[in-house]
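Student: I'd like to learn how to read helix packing and strand pairing. Can you walk me through an example?

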Amino acid sequence: MEFSLLGPISVTSGSEELPLGPAKRRSVLALMLLQPNTTVPLEQLIDSLWEDEPPEHARTVVQGHVSRLRATLAAGGAEAYGIELATHGSAYLLRLPEELIDAHRFGELVTLARPEAAPADAVPLLREALGLWRGPALTGTVTSPPFAAAAHALEERRLSAVEVLARAYGALGEHEQAAAVLYSAAVNHPLREGLIAALMRALFRTGRQSDALEWYHRTRRLLSEELGVDPGERLRSAYEEILRAEATDSGRKAAGQARGATGTPADGRGFHVKHGGGTQPSGDGGADGAGATGTKAGAQGGQDGAGRGGAGAAPRLLPRPPARFLGREAELHALTDVLTDRTTAESPLAVVAGPAGVGKTACAVQWAHLHAGSFPDGQLFADLRGFGGGDEAAPAEILRDFLQALGTPPEQVPSSAQAASALFRSLVAERRLLVVLDNARSSAQVRPLLPGGPHCVTVVTSRSRLDGLVATDCARPVGLQALGHEEGSALLGAMLGSERVAEDPAAARELVDLCDGLPLALRAAAAQLTARPRWRLARLASALRDERRRLALLSAEDTGIAAALRVSVARLSADDARLLRALANSPDGHLNASAAAALAGYDQERTQDGLERLAEMHLVDEEATDVYTISALTQLFARDEGGEGGRGPEPGGSGGRPGGGAG
């Protein structure tokens, strides 16, 4: 039996969730779980349940709720777990092993983690601790001050654990991971100065100086507008550290340029020519390879006065290889065929497209790492944020980062996107360079970033097919589909251990089906099971069969299918969003234009155009001529967002969690 406070209040026994009844009954249980093995006076329960003057029969109401809880726990087999809800005079005592409460396990795991002394051990402990959270603490309780205070205290503990996890990642040199875990918390708590300061330092260490400084100025404005105060010591210190580091870095770069003016000649591609024959890389090493689109690589290399980048070290901006990457052999071979095609003198260009969560970024980055040795002059990477929670990246912003990574001093980067694009193409014209443009929204966003040199190769990922790039730039599409049972089960085995999956292969296949074969959903499911090592796969499959809970369960901290789909739907027009909600009412997810028109109340031509746009965005799939399918998870999301209690953004808005990683 397990008791959950870190999200909706719930009790599970075996694979079943016990029926707890109305909010006040859940609140009675929550208050006793917050004080396990301690007597809770009846008067304290009454004061906590009624914010205003309690009714005359309050004692009877509370006694009734306790009686019902006792019966519910008994029916769930509480005695076998050593659980007893006892009455002591005018007080109640919930006696139970405290490790059955998720909030207790969370605290134990955080206490065990020692980020400074043993960061490698601290990371899995803290990830497991944070994985216990399923939403805001104490969801489903009454909204009285005692419960609000308790929920706030638990949230403070969660945020502290996030900061500790970021410190552990930082101690391991994994600054991109540190920035990722801090980002979501910072978005949701924009006035928490310590959190913002930690995020700024993590971003700076990935080479994203401009992003780090932008967070400072954004927070300074919020503090002034909402609280009327200036930044505190922690935030100011982080800002000043970054400015001092930038000034020192600029001085080193200038000194490197001065040395390069009288140094060894270069071959024009960032490689020095030895007097004794052969070549060796110039500079003192490349970027940290953490996947940032920042300027760290550019800061490490110099540049000659003509702006040719001759003395710059080859940038290595790829993110880390995707963890537990499995399968996709056919797609990787297809990418190789497209990107090694030399039948024309054109720069090869591939578009990896597919639905949210299918693993487009992972596939592109995996290919890039496998073939990085074929591009000795560098590998560039940029997240174009086309399907993120905020604004998409402007081409001028990405070009600035690319040019600085290639050795162009900041003062020599053109201010206009057109001029910067021309300089970029000029610098890389003769280089053997790989460019990965991730998460593109449109063809227009991509075109200024294409290198064009015959030895350059470009991979673009997008939820959109980017038909414009195919038409104007001869891009070759490489589509990604959902995983089948074998590959999906193998991914679960890689995440959980093959023995755990082998215990119940039928449940593993059912999980693949319930996750629509999407790697993002399967990884979120694996995260749920990792956080609950006593759960069998069948127990999670049983929980996921409940369509009301499925999307919530397929979320893990700052990522999940609902968040990924929310961003896709936010990019739709109002008409197309309404059409998608109508399609969610299809009984089996298969329909043609006539059936879709009937569901939406649109005419046939308008419906056909809308279906084509939804297919272009991979929100529906055209299996054959006039045969469309919509996945179960997309149906669930569209129903939830379209209902009276929908939490999603209006079409055309920018709701959802900050993007990236949704693939």
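Tutor: Sure! Keep in mind that this is a predicted model. Two packed helices are described by the angle between their axes and by the distance between those axes. Here, helix α1 (residues 23-34) packs on helix α3 (residues 58-75) with the axes 9 Å apart and an angle of about 75°.

Student: How are α1 and α3 oriented to each other, then?

Tutor: Angles of 65 to 115 degrees count as roughly perpendicular, so α1 and α3 are roughly perpendicular to each other. On the α1 side, the contact is made by Lys24, Arg25, Val28, Leu29 and Met32. From α3 come His65, Val66, Arg68 and Leu69. Sort the residues of this contact and you get 5 nonpolar, 1 polar and 3 charged.

Student: What are the angle and the axis distance for α6 and α7?

Tutor: Helix α6 (residues 145-171) and helix α7 (residues 175-188) pack at about 165°, with their axes 7 Å apart. Angles over 145 count as roughly antiparallel, and α6 and α7 are therefore roughly antiparallel. The crossing of α6 past α7 is left-handed. Among the residues that meet are Leu159 and Val162 in α6 and Val181 and Leu182 in α7. The residues of this contact divide into 9 nonpolar, 3 polar and 1 charged.

Student: And strands? Which strand is β10 joined to?

Tutor: In a regular strand, side chains alternate between the two faces of the sheet. Strand β10 (residues 379-383) is joined by 5 bridges to β11 (residues 434-438), and the two run parallel. For instance, phenylalanine 381 has valine 436 in β11 as its bridge partner.

Student: Is β10 mostly covered or mostly uncovered?

Tutor: Mostly covered: 4 of the 5 residues in β10 are buried.

Methods. Residues are numbered from 1 along each chain as its sequence is written. This is a predicted model: local features need pLDDT of at least 70, side-chain atom pairs count only at pLDDT 80 or more; totals for chains, interfaces and linings use all residues. Side-chain values use heavy atoms; hydrogens and water are left out. Buried means under 20% relative accessible area, exposed over 50%, partly exposed in between (1.4 Å probe, protein chains only). Two strands pair if DSSP finds at least two bridges between them. Axes are lines fitted to C-alpha atoms, for helices over the stretch in contact, and angles run from 0 to 180 degrees between N-to-C directions. Angles under 35 degrees count as roughly parallel, over 145 as roughly antiparallel, 65 to 115 as roughly perpendicular and the rest as oblique. Contact means heavy atoms within 4.5 Å. Ala, Val, Leu, Ile, Met, Phe, Trp, Tyr, Cys and Pro count as nonpolar, Asp, Glu, Lys and Arg as charged, and the others, Gly among them, as polar. A crossing is left-handed if the near helix is turned anticlockwise from the far one by less than a right angle, and right-handed if clockwise.
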